[in-house]
Amino acid sequence: MKYSYRIAFEKKFEQYIIKNYETQVSNIIGSIKSEYINGKWNLPSIEQIGKEAINKGIFIDLYDKNDNLIWGAMNYNSEICSIVMGSIENNMNHMMNGSESMYTIQNIEIEDEDNNVVGNVKIGSYGSLYYMDNDVEFLKEINKVITVIGILMILITVVVAILIAKNISRPIEVASNMANLIGEGGYKNKIDYDSNIAEIDVLIKSINNLSAKLEEQEKLRKRLTTDISHELRTPLTNVQTHIEAMIDGIWEPDTQRLNSVNEEVIRLTHLVNQLQRLAKFDSEKSMLNLIEVNLESLIKNIVYNNQSKALEKDINIVCDLENVTAYLDKDKISQVVVNLLSNSIRYTNSGGEINIRMYKYHNNVKIHFKDNGVGIPNESIKYIFERFYRVDESRNKDTGGIGIGLTIVKSIIDLHKGKIEVISEINKGSEFIVTLL
Ligand code: ADP
């Protein structure tokens, strides 16, 4: 790069020298013309012009119209002329890598004011491109400056490149170490690093989010293991105790005892079914089979099927449904209604009331499931849609759930690009509002 600057500069400098030479020659001719006054040459001035020209590497011989020499550079001082010529030749050899420099003579006629030829001048020089000592000095200095600037630029480029590489590689290294830590289960760690590079900061933020999510999942997984083993162990122990007592002859295998064992087995089956449903939902959750669904009859059917459970607890279900049809995945939306209704029945005390209201709102469908049951504490509302989250284990002990009903509801509604909101007050009741687009 340094050399290309240098070459470009030398080319420009050559153009400058050629132009300068042409200007000097035309100035010399002009000056000589002006020294022909009233048919006579002003010799002292001509000599002055000739001397100055020698210093610029231009050697003039002035002849009158009869070809008599009026003033000649070599005649004036051949020694100075030889010194100047020698130095120019030297410079030319040096600048043009030893190629031969040609001494040329240009013949120019001199005319007076009336355009009569009054003489001619022979201008000798080393072409229009030749270098005087100060030109060579100037070029050398400039080349030095270009070399220094070139070296400085390379150094600055290297330093900047190293700094940029460090700035990028350091946060990437931090992020990669963190990813490895996450891989080994260190979800609690967070990257606390500000790289000042937007894309890398986004990457760091994503890794932090990922580790937070994985930490949460890990907690849920541990809770699930405890929940499942607890939920399964209780009915299993009961069944085992009852059967052992009967085998040992402590209890008669009468209808009441066998019914009690059967209830525990039913509880176990229900639990296993719920787990199976979750696994199935997980594997096919992104598939939607959209068809035109009459929501009014869909809800009415589900209410009808759950009526006996509600009656067992003396719960009254009141429906206020508009005739609404929409393009939905019928099975999945049925699952939403079943889960929300069965939650309302399970978490409402005997003698309570459940209201189901459905209406069109702008282009959307809104369905409200309102109960006057146990309600949900404020601090728990944000967790209830999370997998395996249950508000209060002791409170929920007899409801038979494992905390996945609302997770499924939320995923199905998200898949339909709808939303679900909850308004609840402890001991007053809960309202789940589903909006479908
Ligand atoms: P579960 O199988 O435990 O019912 P869900 O995911 O359906 O799981 O619900 C999560 C938790 O939210 C429940 O354990 C319960 O504490 C609370 N909940 C859900 N619906 C209601 C409701 N209608 N009234 C009061 N609490 C509710």
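This is a short chat about two sheets, a cavity and one histidine in a predicted model.

Visitor: What kind of model is this, and how are residues numbered?
Guide: The model is predicted: local features need pLDDT of at least 70, side-chain atom pairs count only at pLDDT 80 or more, and totals for chains, interfaces and linings use all residues. Residues are numbered from 1 along each chain as its sequence is written, and side-chain values use heavy atoms, with hydrogens and water left out.

Visitor: Start with the sheet that has β4 in it. What is the strand order?
Guide: The order is β4-β3-β6-β5, in an open sheet of 4 strands with antiparallel pairing. The edge strands, each pairing on one side only, are β4 (69-72) and β5 (104-111). Strands here are DSSP runs of E of at least two residues, and helices are runs of H or I of at least four, numbered from the N terminus. Two strands pair if DSSP finds at least two bridges between them.

Visitor: How many bridges join β3 to β6?
Guide: There are 6 bridges between β3 (residues 59-64) and β6 (residues 117-125), and the two strands run antiparallel. F59 has G124 in β6 as its bridge partner.

Visitor: Which helices pack on that sheet?
Guide: Helix α2 (residues 43-55) packs on the sheet and touches β3 and β4, with its direction at about 40° to that of β4. Helix α3 (residues 73-95) also packs on the sheet, touching β3 and β4, and its direction makes about 25° with that of β4. Contact means heavy atoms within 4.5 Å. Angles run from 0 to 180 degrees between N-to-C directions, using lines fitted to C-alpha atoms, for helices over the stretch in contact.

Visitor: New topic. What is the order in the sheet with 5 strands?
Guide: That open sheet runs β8-β10-β11-β13-β12, and its pairing is mixed. Its edge strands are β8 (316-321) and β12, each pairing on one side only. The twist averages 10° from one strand to the next.

Visitor: Which way do β8 and β10 run, parallel or antiparallel?
Guide: β8 and β10 (residues 353-361) run parallel and are joined by 6 bridges. V318 has N355 in β10 as its bridge partner.

Visitor: And which helices pack on this sheet?
Guide: Helix α7 (residues 295-312) touches β8, β10 and β11 (364-371), and its direction makes about 175° with that of β8. Helix α8 touches β8, β10, β11, β12 and β13, with its direction at about 20° to that of β11.

Visitor: What does β13 pair with?
Guide: β11 and β13 pair in the antiparallel sense over 7 bridges, with L436 in β13 as the bridge partner of V365. β12 and β13 are also antiparallel and joined by 7 bridges, and K419 stands opposite T435 in β13. β12 and β13 form a hairpin with 3 residues between them, where N427 in the turn has a positive phi of about 65°.

Visitor: How many residues of β13 are buried?
Guide: In β13, 8 of its 8 residues are buried. Buried means under 20% relative accessible area, exposed over 50%, and partly exposed in between, with a 1.4 Å probe and protein chains only. One side of β13 holds G429, E431, I433 and T435, and the other holds S430, F432, V434 and L436.

Visitor: Which side chains of β12 are buried?
Guide: Along β12 (residues 419-425), I420, V422 and S424 point to one face and are buried, while K419, E421, I423 and E425 point to the other and are not.

Visitor: How many cavities are there?
Guide: The count comes to 2 cavities of 30 Å³ or more. A cavity is a set of points on a 1 Å grid over the protein atoms alone where a 1.4 Å probe fits but cannot get out, and lining residues have an atom within 4 Å of a point. Grid points are joined across faces, edges and corners, and a volume is the space filled by probe spheres set on the points.

Visitor: What lines the second largest cavity?
Guide: I333, V336, V337, I367, I413, V434 and L436 line the second largest cavity, which has a volume of about 40 Å³. Helix α8 (330-346) and strand β13 (429-436) each give two or more residues to that lining, and α8 gives the most, with 3 residues.

Visitor: Last one. Why does H242 count as buried?
Guide: H242 counts as buried because its relative accessibility is 17%. H242 lies in helix α5 (residues 198-247). Leaving aside neighbours within four places in sequence, H242 is in contact with W251, R257, S260 and V261.

Definitions and conventions. 1 Å grid on protein atoms, 1.4 Å probe; cavity = no way out; pocket = protein on both sides within 12 Å on 5 of 7 lines; lining within 4 Å.
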